[in-house]
Amino acid sequence: MQVALLGGSFNPPHVGHLMAATYVHATQDVDEVWLMPSWQHPFGKQMEPFEHRVAMCDALCAETSGWLKTSRIEQEPGLSGRTVDTLTLLVARHPDIRWSIIIGSDILRDLPHWKDFHRIEELSRVMVLNRAGYPAPNTLGPPLAEVSSTLIRDLLARGEAPSDLVPARAIAYAREHGLYGLKRTP
Ligand SMILES: Nc1ncnc2c1ncn2[C@@H]1O[C@H](COP(=O)(O)OP(=O)(O)OP(=O)(O)O)[C@@H](O)[C@H]1O
Ligand SMILES: O=C(O)c1ccc[n+]([C@@H]2O[C@H](COP(=O)([O-])O)[C@@H](O)[C@H]2O)c1
């Protein structure tokens, strides 16, 4: 089996994540895509609690026929969000799976600060998706949606409803739990 990992803060998840996962599943030789929310972020990004972000990722997965899953692997003791360590654990735990790592082209500028990226390339196929606004050589596919979690948090802070940028079930969950300063709904 071939699995592609899409790691991120998912704070909140949005249609860009869904499009990225769908694109990879539809065009690459991949059986499943696993969303892999950060438990703690290596560069110290502040995020809503892990359980809420997992639940919103599950809401994205519900939009698919079962090939998209959420992995809680990053909460394992001993991991710190460094992808090479997470991948090493996954490789040991699932020797039957062949791994790919999905990253958006915005991440390319951060890679010099990643731990042991060469080892990640040894353990997996790295797919760099063409994220709109971040052109780079050797990316995969057409530019994907111009949307970010930062934009969505900004819209929510201004009292706007980003209903065209976040899958409905995910925004409903965020509202139900009063995330991102949203007024809690029963
Ligand atoms: N619109 C998009 N198109 C392509 N890749 C994306 C898109 N949005 C996110 N990604 C990729 O998904 C992964 C996880 O992204 P993340 O959860 O940090 O979302 P983000 O929108 O970049 O968040 P933030 O705005 O909070 O930094 C990264 O590899 C990122 O490049
Ligand atoms: O391995 C590293 O050193 C490393 C450094 C920064 C980020 N990452 C991973 O990159 C993924 C996307 O991160 P981000 O910054 O877009 O939320 C997420 O799974 C992080 O754990 C990994």
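**Ligand shells and helices in a predicted model**

Helix α1 is the natural place to start, since with three residues it makes the largest contribution to the shell around ligand 1. The structure described here is a predicted model, and its scores are an ipTM of 0.99 and a pTM of 0.98. Along the chain the average pLDDT is 96, and 99% of the residues score at least 70.

The surroundings of ligand 1 comprise 20 residues, of which G8, G16, G104, S148 and T150 come nearest. Two or more residues of this shell come from each of β1, α1 (15-27), β4 (98-104), β5 (125-131) and α5 (149-157). Sorted by class, the shell around ligand 1 holds nine nonpolar, nine polar and two charged residues.

Ligand 2 is surrounded by 15 residues, and the closest are G7, S9, P42, T83 and W114. Here the elements that each supply at least two residues are β1 (2-8) and α3 (83-93). Strand β1 thus appears again, having also given two or more residues to the shell around ligand 1. The shell around ligand 2 is made up of six nonpolar, six polar and three charged residues.

It is also worth setting the model beside its database annotation. An unreviewed UniProt entry places the feature "domain: Cytidyltransferase-like" at residues 5-154. In the model, this span is 33% helix and 21% strand, and the C-alpha atoms at its two ends are 27 Å apart.

Two further helices can be looked at more closely. Helix α2 runs over residues 50-61, 12 residues in total, and from its first C-alpha to its last it reaches 16 Å, close to the 16 Å expected at 1.5 Å a residue. The buried residues of α2 are H52, R53, V54, M56, C57, A59, L60 and C61. Among the elements covering these buried residues are α1, β2 (32-37), β3 (68-70) and α6 (168-176). Helix α1 therefore has a part in two of the settings described here: it is included in the cover of α2's buried residues, and it gives three residues to the shell around ligand 1.

The second of these helices, α4, spans residues 117-123 and contains R119. Is R119 buried, exposed or partly exposed? With 14 other C-beta atoms within 10 Å, R119 is partly exposed, because a residue counts as buried at 20 or more such atoms and as exposed at 12 or fewer. The C-alpha atom of R119 is separated by 9.7 Å from that of D85, although the two residues are 34 residues apart along the chain.

Conventions:
Residues are numbered from 1 along each chain as its sequence is written. Chains are lettered from A and ligands numbered from 1 in the order in which they are written. This is a predicted model: local features need pLDDT of at least 70, side-chain atom pairs count only at pLDDT 80 or more; totals for chains, interfaces and linings use all residues. A residue is near a molecule or strand if its C-beta atom, placed from the backbone, lies within 6 Å of it. Helices (H or I, at least four residues) and strands (E, at least two) are DSSP runs, numbered from the N terminus. Ala, Val, Leu, Ile, Met, Phe, Trp, Tyr, Cys and Pro count as nonpolar, Asp, Glu, Lys and Arg as charged, and the others, Gly among them, as polar. pLDDT is the predictor's confidence in each residue, from 0 to 100. UniProt positions are given in the numbering used here, feature names are shortened, and annotations may be inferred rather than shown by experiment. The expected span of a helix is 1.5 Å times one less than its number of residues. Two residues are in contact if their C-beta atoms, placed from the backbone, lie within 7 Å.
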